[in-house]
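Could you walk me through this model in my viewer, stop by stop? I would like to know what to select next and what is there.

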Amino acid sequence: MSDDFFKNLQDSINNKIKGVHASVMSESKIAMDMFNVMTPCYDLNRILSGSLRKGIRSRNLMGIIGPEHTFKSSFMVLCMVNAQKEGYKPVIIDTEGGCSGDFCGRWGLDVDNIFYIYTPWVDEVMPILAQIKETGEEKLVIGLDSVGGLQRLKAYNDALTGKVKQDQGLLQKDIKAMLKLYLNICINQNSIGICTGHYYGDPNDQYTPEKIGGGNAMRLLPSILVTLKKYALYEFPNKQKKSEKGDIIGNEIKATTIKNRGYPPFQDAIVNINFKDGVNSFAGLLDLAMEANIVTKSGSWYSIGDDRLGQGRVNAEKALEENFGNEIIDKLDEWLENTGYSTYNEQVEIAEQMIEEEIKKEVEKPKKITGKE
């Protein structure tokens, strides 16, 4: 009986509602046909997908938020690099002029095969996205850097006349409509969207909605939301005293998922970016291997069984990658699947719950009546 019900409902919807294709889930392209693009770091893949070898799943819009100088734009470009290598077509909408050819090329993008648009106006981003949707092209990776850099063209035109008016939330409404279309393209065209947003204020402070460029829409509409915090990466990170840590040789980025529709959120990962060598794709895997009892530590020495990796974290991480690369990734992926191990961050979840309450209060607050009744 259920088969007849499904068939009759499918025929009814497809015949009467233009543009909709209904089917049994196992035959639905949107529900079943997806691909994964790896990020530049295996541990980041883990918190996004639960697997070291996957990463960002298609038909998703990922938001990357953090304070200034936390490598948000770099993260976006690095994810697009892997997608481009796998044959997916990158599109960059640049609202701040930061995605220069030198910048993108330095992280590995082939600048001869990127479609690039610069505009700071949300009024222009909407029709740009509409044209992308109209092509129907699939397997795109669309980067928007950044949502916080968008402005309404009308605000500029008003400034030209000297009659500057209050925004009254119109920019936020336009950004919300734009992000809805952006997400729609990702879902319907089997693509990936990656947008960045500024987090204003003290990075140690609790997150508050008004501090994210793009407002509440930047929280609500991306299907994945990642926050970044930056710390100094020292030459000798295992030393206890700061005076003994040596020179700063890069940045350590702590990435936390505060929203994820494809995998449990509130997970932490570490990404190390060395000024000389670039991204350490194996960052975090030494600790993961120790959690899985694959790697053991005795004093300052790290070992796998009878094989010594080296003395000190830096040497051990290097040996792990060079001598046990694919083998250790396979073992860790199997362990993750069997155990469901996670790096759950309870403090972040509590902070997010407080934010949701603040947003709810703001939405429910009575609106002031202006003008004549």
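The tour below goes from helices to cores, then to backbone oddities, aromatic rings and cysteines.

**Before you start**

This is a predicted model, in which local features need pLDDT of at least 70 and side-chain atom pairs count only at pLDDT 80 or more, while totals for chains, interfaces and linings use all residues. Residues are numbered from 1 along each chain as its sequence is written, and side-chain values use heavy atoms, with hydrogens and water left out.

Helices (H or I, at least four residues) and strands (E, at least two) are DSSP runs numbered from the N terminus.

**Stop 1: a bent helix**

Select residues 313–339, which are helix H11. This helix has 27 residues, yet its end C-alpha atoms are only 25 Å apart, short of the 39 Å that a straight helix would reach at 1.5 Å a residue. The expected span is 1.5 Å times one less than the number of residues. Now centre on Phe324: H11 has a kink of about 100 degrees there. The bend at a residue is the angle between axes fitted to the seven residues ending there and the seven starting there.

Next, colour H11 by burial, where buried means under 20% relative accessible area, exposed over 50%, and partly exposed in between (1.4 Å probe, protein chains only). Phe324 is among the buried residues of H11, which also include Leu320, Ile328, Trp335 and Leu336. Show helix H3 (42–49), helix H10 (285–291) and strand S14 (307–311) too, as they are among the elements that cover these buried residues. Just past the helix, Gly340 has a positive phi, near 70 degrees.

**Stop 2: a straight helix**

For contrast, move to helix H8, residues 170–188. Its 19 residues reach 27 Å from the first C-alpha to the last, close to the 27 Å expected at 1.5 Å a residue. Its buried residues include Leu171, Ile175, Met178, Tyr182 and Cys186. Among the elements covering the buried residues of H8 are helix H6 (122–135), strand S6 (140–145) and helix H9 (217–220). Just after H8, Asn190 takes a positive phi of about 45 degrees.

**Stop 3: the cores**

A nonpolar core is a set of buried Ala, Val, Leu, Ile, Met, Phe, Trp, Tyr and Cys residues joined through side-chain atoms within 4.5 Å. Select Leu44, Leu48, Met62, Phe75, Val77, Leu109 and Ile194: these have the most contacts inside the largest core, which has 37 residues. Elements giving two or more residues to this core include H3, strand S3 (60–66), helix H4 (72–85) and strand S7 (192–198). H4 provides the largest share, eight residues.

Zoom in on Leu48. Beyond its neighbours within four places in sequence, its contacts (heavy atoms within 4.5 Å) include Thr39, Met62, Ile224, Val226 and Tyr263. A second, separate core has 34 residues, including Ile117, Ile132, Ile185 and Ile212.

**Stop 4: backbone oddities**

Most residues other than glycine have a negative phi, and most peptide bonds are trans. Where is a cis bond to be found? Look from Asp145 to Ser146, where the peptide bond is cis, with omega near 0 degrees; Ser146 is in the loop between S6 and helix H7 (153–161).

Now pick Phe71, in the loop between S3 and H4. Its phi is positive, near 70 degrees, and at 19% relative accessibility it counts as buried. Then pick Lys139, in the loop between H6 and S6. Lys139 has a positive phi near 55 degrees and, at 35% relative accessibility, counts as partly exposed.

**Stop 5: aromatic pairs**

The structure holds five aromatic pairs. Rings of Phe, Tyr and Trp (its six-membered ring) pair if their centres lie within 6.5 Å; planes under 30 degrees apart count as stacked, over 60 as edge-to-face and the rest as tilted. Select Phe5 and Phe6: this pair is tilted, at 5.8 Å centre to centre and 55 degrees between the planes. Then show Phe35 and Tyr88, whose pair is stacked because the centres are 4.2 Å apart and the planes are at 15 degrees. Phe35 lies in the loop between helix H2 (29–32) and strand S1 (36–37) and Tyr88 in the loop between H4 and strand S4 (89–94), so the pair ties together parts 53 residues apart in sequence. Both rings belong to buried residues, Phe35 and Tyr88.

**Last stop: the cysteines**

How many disulfides does the structure hold? There are zero, a disulfide being a pair of cysteine sulfur atoms within 2.5 Å. Select Cys41: its sulfur is 10 Å from the closest cysteine sulfur, in Cys79, too far for a bond. Cys195 is also in no disulfide, as the nearest cysteine sulfur, that of Cys186, is 8.6 Å away. Cys41 is buried at 1% relative accessibility, and Cys195 is buried at 0%.
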